[in-house]
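This report describes the fold of one protein chain, its nonpolar interior and its aromatic contacts. The sequence and structure are shown first.

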Amino acid sequence: MGSLSNVIVAPAGTEVDGVITKARKPGGLGRSGKLEFQVNSFKTINNIEVPLAYAQKAKGGTDGGAGVVFAAVSVVGGLFMKGKNVAIQSGTKFDCRVTTDTDLKVKLTNLKEAMNPDAPHGVAVTIQ
């Protein structure tokens with residue numbers, strides 16, 4: 001996902017925080033579904049939140065020109081022609097941008113050590 005000075009700070013597969021901002025299911029008259037979302041941030045290996053900017057709108061397809069068919073056939077017939085759902089395939093890549101400089105809370109000389117995914121990060125509490 002991202003590296004700095006040849007040190008990976010967020011490996012591929014890092015979870016990203018995002019939110020669906022608008023969703024509409026497909027409707028009659030061939031109206032397609034609609035999905036709007038934004039990506040907000042991700043966390044580096046050493047648990048620093050990095051703000052991101054990305055917003056996307058996705059639409060489902062139409063039902064083969066249901067509007068035209070509707071006009072030619074009838075009001076009742078057109079009501080039964082539904083639009084299509086929005087589909088975003090698993091693994092789809094989005095081009096997000098870091099919105100502001102973010103302090104990784106580590107010196108460049110210690111970067112490789114701080115970004116070691118096998119090293120403990122944060123505080124671990126064990127309850128017995």
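Three helices and six strands make up the secondary structure of the protein chain in this predicted model. Followed along the sequence, these elements occur in the pattern β-β-β-β-β-α-α-β-α. The protein chain has 128 residues, of which 25% count as buried. Its exposed surface amounts to about 9300 Å², with carbon and sulfur atoms supplying 54% of that area. When contacts between residues at least 6 apart in sequence are considered, 56% of them join residues at least 24 apart.

**The nonpolar cores**

In soluble globular proteins, nonpolar side chains tend to be buried together. Here the largest nonpolar core consists of eight residues: Ala-10, Leu-35, Phe-37, Val-39, Phe-42, Val-50, Leu-52 and Tyr-54. Strands β4 (34-43) and β5 (49-59) each contribute at least two residues to this core. The largest share, four residues, belongs to β4. Apart from this core lies another one of seven residues, including Ile-48, Leu-104, Leu-111 and Met-115.

Val-39, a member of the largest core, illustrates the surroundings of one such residue. Beyond its neighbours within four places in sequence, Val-39 is in contact with Val-16, Asp-17, Gly-18, Leu-52, Ala-53, Tyr-54 and Cys-96.

**The aromatic pairs**

A search of the whole structure yields three aromatic pairs. Two of them are set out below.

| Pair | Arrangement | Centre to centre | Angle between planes |
|---|---|---|---|
| Phe-37 and Phe-94 | edge-to-face | 5.4 Å | 75 degrees |
| Tyr-54 and Phe-94 | tilted | 5.3 Å | 50 degrees |

The pair of Phe-37 and Phe-94 links distant parts of the chain, since Phe-37 is in strand β4 and Phe-94 is in the loop between α2 (75-79) and β6 (97-98), 57 residues apart. Tyr-54 lies in strand β5 and Phe-94 in the loop between α2 and β6, so their pair ties together parts that are 40 residues apart in sequence. Phe-37, Tyr-54 and Phe-94 form one aromatic cluster.

Which members of this cluster count as buried, and which as partly exposed? Phe-37 counts as buried because its relative accessibility is 11%, under the cut-off of 20%. Tyr-54, at 17% relative accessibility, likewise counts as buried. Phe-94, by contrast, has a relative accessibility of 34% and therefore counts as partly exposed. Phe-37 and Tyr-54 also belong to the largest nonpolar core.

Terms used. Residues numbered from 1 in each chain as written. Predicted model: local features only at pLDDT ≥ 70, side-chain atom pairs only at ≥ 80, totals over all residues. Heavy atoms only, no water. Core = buried A, V, L, I, M, F, W, Y, C linked by side-chain atoms within 4.5 Å. Buried < 20%, exposed > 50% of the residue type's maximum accessible area, 1.4 Å probe, protein only. Contact = heavy atoms within 4.5 Å. Areas by Shrake-Rupley, 256 points an atom, 1.4 Å probe, with all protein chains shown as cover. Phe/Tyr/Trp six-rings, centres within 6.5 Å; stacked < 30°, edge-to-face > 60°.
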